[in-house]
Amino acid sequence: MNIFVPIILIGVLLIVAILLALADFFLKGSGEKTLTINDKTKINVIGDETLLNTLSLNDIFIPSACGGKATCGYCKCKVVEGGGPIKPTEEPFLTESDKKEGVRLSCQVKIREDMEILIPEELLNAKEYKAEVIGITPLTHDINLVEFRLIEPEQMAFKPGQYAQLKVPGIEVIRAYSIASNPSTTNRLEFIIRLVPKGQATTFVHLAMEVGDILTITGPFGDFYLKEDSDKDIICIAGGSGKAPIRAILYYLKDRGMNRKVRYFFGAKTKKDLYYTEEFNNLSEEYPNFQYIPALSEPLPEDHWDGEVGLITDVVDRYCKDLRDAEAYLCGSPGMIDACIAVLEKNNIQQENVYYDKF
Ligand SMILES: Cc1cc2nc3c(=O)[nH]c(=O)nc-3n(C[C@H](O)[C@H](O)[C@H](O)COP(=O)(O)OP(=O)(O)OC[C@H]3O[C@@H](n4cnc5c(N)ncnc54)[C@H](O)[C@@H]3O)c2cc1C
Ligand code: FES
């Protein structure tokens, strides 16, 4: 065989591969593509950008607590057409049923052809805000109340229990925080933020952030919020900074006359971990329908504690016997929430009436 034949063949194959790659680049990846959202909104977008960034450039904000690094799993949306194959980085966050339904991580999907997606309608309400820090108040040894004034846009409408995302300036770290303020005050937001040792966002919030700083906030997000159309009795259970969304829920109920029966259990280790005790005790005095039950798991002698003692699960078990007609709002660490759900179910709560945010 002529020695040049294999060299010519390899050359031809190389040219074909380069032409195919160029065709893929020019015809698929880059260039203008059409993104169809929820079967109705069509936007022309520049291809080869991630779906998450493309949506944000078009003022549609998907939750994204890791800023697109495929470590939070918050940025899921359904891709009906045009998403390409699932990437290994998405695998840990997608269940088999997610995959069947076309659920993808929007930070990992690139728009390389026309694409159709479905996102929850309420996400279309989320916006990006510039906000000024107007107050930082220590509530305990490791929890601060942080107050913001919204500058642009000036108002955020949110449901009691929802969260927003704060972007830490300089390091561009994004973290979720439940909104702790009254939903009827739409131009100011309050957050209850616990210091996590070596945590990037909370170290900034507790040690570097100052009144007058301007931060970017996006929101509102989340499907943990008060079901307003229900008249069931309410059980709230929180620990640590989990008090934040429950506070917003209670403000909301108070503004409407607190006409549902509410029992609020708050678990802490010692007295120094309690906060807003006076605020909730006053609410109990004002509204006979509301009962605040703080409990300490390890009270110290100097605490002189005469309230409930024990794990919050045991206290809930002691107080709540028949929860057939109740609904529950839980917020705290994953371990605490799982243990509380088991106790609520033991006392006959219906699974579909239990709502929670774990963090
Ligand atoms: C929907 C939602 C609402 C939230 N609302 C609140 C809120 O109202 N108040 C609040 O304080 N936090 C809230 N969080 C938690 C918050 O988003 C951050 O995860 C937390 O503040 C830590 O951020 P960081 O950047 O300081 O720590 P990172 O830099 O993310 O973490 C540093 C280290 O600490 C560990 N770590 C992270 N979070 C915790 C934790 N909570 N406890 C123990 N170890 C941890 C990490 O595994 C890591 O090793 C919420 C989270 C979610 C998902
Ligand atoms: S933004 Fe965190 S996984 Fe996509």
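**Ligand shell and nonpolar cores**

In this predicted model, ligand 1 sits among 18 surrounding residues, and the closest of these are Tyr74, Arg175, Ala176, Tyr177 and Thr202. Two of the polar contacts come from the backbone. A backbone N or O atom of Ala176 is found 2.6 Å from an oxygen atom of the ligand, and a backbone N or O atom of Gln200 is placed 2.9 Å from a ligand oxygen. Thr202 works through its side chain instead, with a polar atom there lying 2.6 Å from an oxygen atom of ligand 1. On its own the ligand would expose 920 Å², and the protein buries 69% of that area.

As for where the shell comes from, strand E9 (173-178), strand E10 (188-194) and helix H4 (200-208) are the elements that put in two or more residues. E9 takes the largest share, with four residues.

Turning to the protein interior, the largest nonpolar core has 31 residues, and those touching the most other members are Leu250, Tyr264, Phe290 and Tyr329. Quite a few elements chip in: at least two core residues each are supplied by strands E7 (143-152), E12 (233-239), E13 (262-268) and E14 (290-296), and by helices H5 (243-255) and H6 (277-286). H5 hands over the largest share, six residues. Both domain 2 (126-221) and domain 3 (233-358) contribute residues, so this core lies between the two domains.

Phe290 gives a good look at the packing here. Once neighbours within four places in sequence are set aside, Phe290 is in contact with Leu250, Met258, Val262, Tyr264, Phe280, Leu283 and Ser284. Two of these partners, Leu250 and Tyr264, are themselves listed with Phe290 among the residues that touch the most other core members. Apart from this core lies another one, made up of 25 residues, including Cys77, Val79, Cys107 and Met115.

A last stop is Thr54, which belongs to helix H2 (residues 51-57). Is this threonine buried or exposed? Its relative accessible area comes out at 3%, so Thr54 counts as buried, the cut-off for that label being under 20%. Leaving out neighbours within four places in sequence, Thr54 has contacts with Leu35, Val45, Glu49 and Ile111.

Key. Residues are numbered from 1 along each chain as its sequence is written. Chains are lettered from A and ligands numbered from 1 in the order in which they are written. This is a predicted model: local features need pLDDT of at least 70, side-chain atom pairs count only at pLDDT 80 or more; totals for chains, interfaces and linings use all residues. Side-chain values use heavy atoms; hydrogens and water are left out. A nonpolar core is a set of buried Ala, Val, Leu, Ile, Met, Phe, Trp, Tyr and Cys residues joined through side-chain atoms within 4.5 Å. Buried means under 20% relative accessible area, exposed over 50%, partly exposed in between (1.4 Å probe, protein chains only). Domain bounds come from an automatic or database domain assignment. Contact means heavy atoms within 4.5 Å. A residue is near a molecule or strand if one of its heavy atoms lies within 4 Å of it. A polar contact is a pair of N or O atoms within 3.5 Å; within protein, one must be able to donate a hydrogen and the other to accept it, and residues adjacent in sequence count only if both atoms are side-chain atoms. Accessible areas come from the Shrake-Rupley method with a 1.4 Å probe; for residues, only the protein chains shown count as cover.
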